[in-house]
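I opened the model to look at its helices and its ligand site. My notes follow.

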Amino acid sequence: SGVLVAYQRVLLKLSGEEFGGGKLGVDPLVVAAIAKEIADVVRSGTQVAVVVGGGNYFRGAELSTNGMARDRADYMGMLGTVMNSIALQDFCEKEGIETRVQSAISMAQVAEPYIPRRAERHMEKGRLVIFGAGSGMPYFSTDTVAAQRALEIGAEVLLMGKRGADGVYNKDPNVHDDAVKFDSLTYDQFLAANLKVADATAISLARDNDLRMVFFNLSVPGNIARAVAGEPIGTILTR
Ligand code: UDP
C-alpha cells in the first residue's frame, strides 16, 4: 500500500549465516555492525526482541544426512544459537543497550530461562531481549520459533532478516539469473510453491494466527531500521 508504519514492538529474526559472514563461527565485524543498527532502533523507542539462527555453526538436518542422529544434531544446532545470542548481547551492550538473553534450554550461567512476561517487562524498560536455543525442541527451526515468540510477546510484525537475498524469489536468486522477486505474496502461495526461504511450519503458524511477516536482506546496511520503519523493502506475506 506504500503507507509507512512505525512499529512499536517487533520480533527480529536474524540469520545465523549472516553472523558468520558466510563462514563457520562468528565474524565480530558483522555482529558489531548488526548490533549498532539494533541499538539505534531501540534508542528510537521501538521495543525489540531478537531470535538468532545457528546456521553458521550446525544445522541438524545437514548433520543427520552425514550420519548423526537428528535429535542430537538439532541440540547442537540450538547450542549454536546460544553462542550467537551471547555475541550479539556483548556487542549490543557495548553500544549502550541493556540486553538480556533468554534461553529455551536452561543454562543459568549464561542466560535467563525463557519467561515470556519477563521478556515483555524487559522490553518495556527499553532492554533488548534475545531468545536463544530455539524452542528447546529438535525438529523445529529458528524461523518457527521466531513466529511463536512474536505471537507470544505480542509483536506487531515478524521481520525476517536473511543473508544475501532481497526477499522471497520464485527460485534461488544466487543460483538462477532469471529468478523473480515477489514484493508480496500470500501465505498459501508461499506454501504451495514450496519455497525454501523459511520452513512450512513457520509460515503456517504465521498464517493461522494472522502474524504479519516481512522478509528482507540483512546483508544490506541500514535495512534493519528500514524494516522497522515499515518501508516497503523485501517481501511481505499477506492473507
Ligand atoms: N533447532 C532446533 N530446534 C529449534 C530451533 C533450531 O532443533 O527450535 C536446530 C536445528 O538443527 C537448526 C539449528 O538449530 O538447523 C540452527 O537453526 P536454524 O537452521 O533455524 O538457523 P538459521 O538458518 O536461521 O541460521
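I took helices (H or I, at least four residues) as DSSP runs, numbered from the N terminus. The expected span of a helix is 1.5 Å times one less than its number of residues.

This is a predicted model, so I noted the limits: local features need pLDDT of at least 70, side-chain atom pairs count only at pLDDT 80 or more, and totals for chains, interfaces and linings use all residues. Residues are numbered from 1 along each chain as its sequence is written.

I checked α4 (70-94). Its 25 residues reach 37 Å from first C-alpha to last, close to the expected 36 Å. G96 follows α4, with a positive phi near 90°.

Next I looked up the ligand. I found 23 residues around it (C-beta atom, placed from the backbone, within 6 Å). The closest are G16, G53, G60, G77 and G134. α4 gives the largest share of this shell, five residues. α1 (16-19), α3 (60-65), α4 and α6 each supply at least two.

I sorted the shell by class: six nonpolar, 13 polar and four charged. Ala, Val, Leu, Ile, Met, Phe, Trp, Tyr, Cys and Pro count as nonpolar, Asp, Glu, Lys and Arg as charged, and the others, Gly among them, as polar.

Last, I turned to α6 (residues 142-152) and α8 (residues 200-208). Their axes (lines fitted to C-alpha atoms over the stretch in contact, angles from 0 to 180 degrees between N-to-C directions) come within 7 Å and cross at roughly 15°. That makes α6 roughly parallel to α8 (under 35 degrees).

Methods. Parallel < 35°, antiparallel > 145°, perpendicular 65-115°, else oblique.
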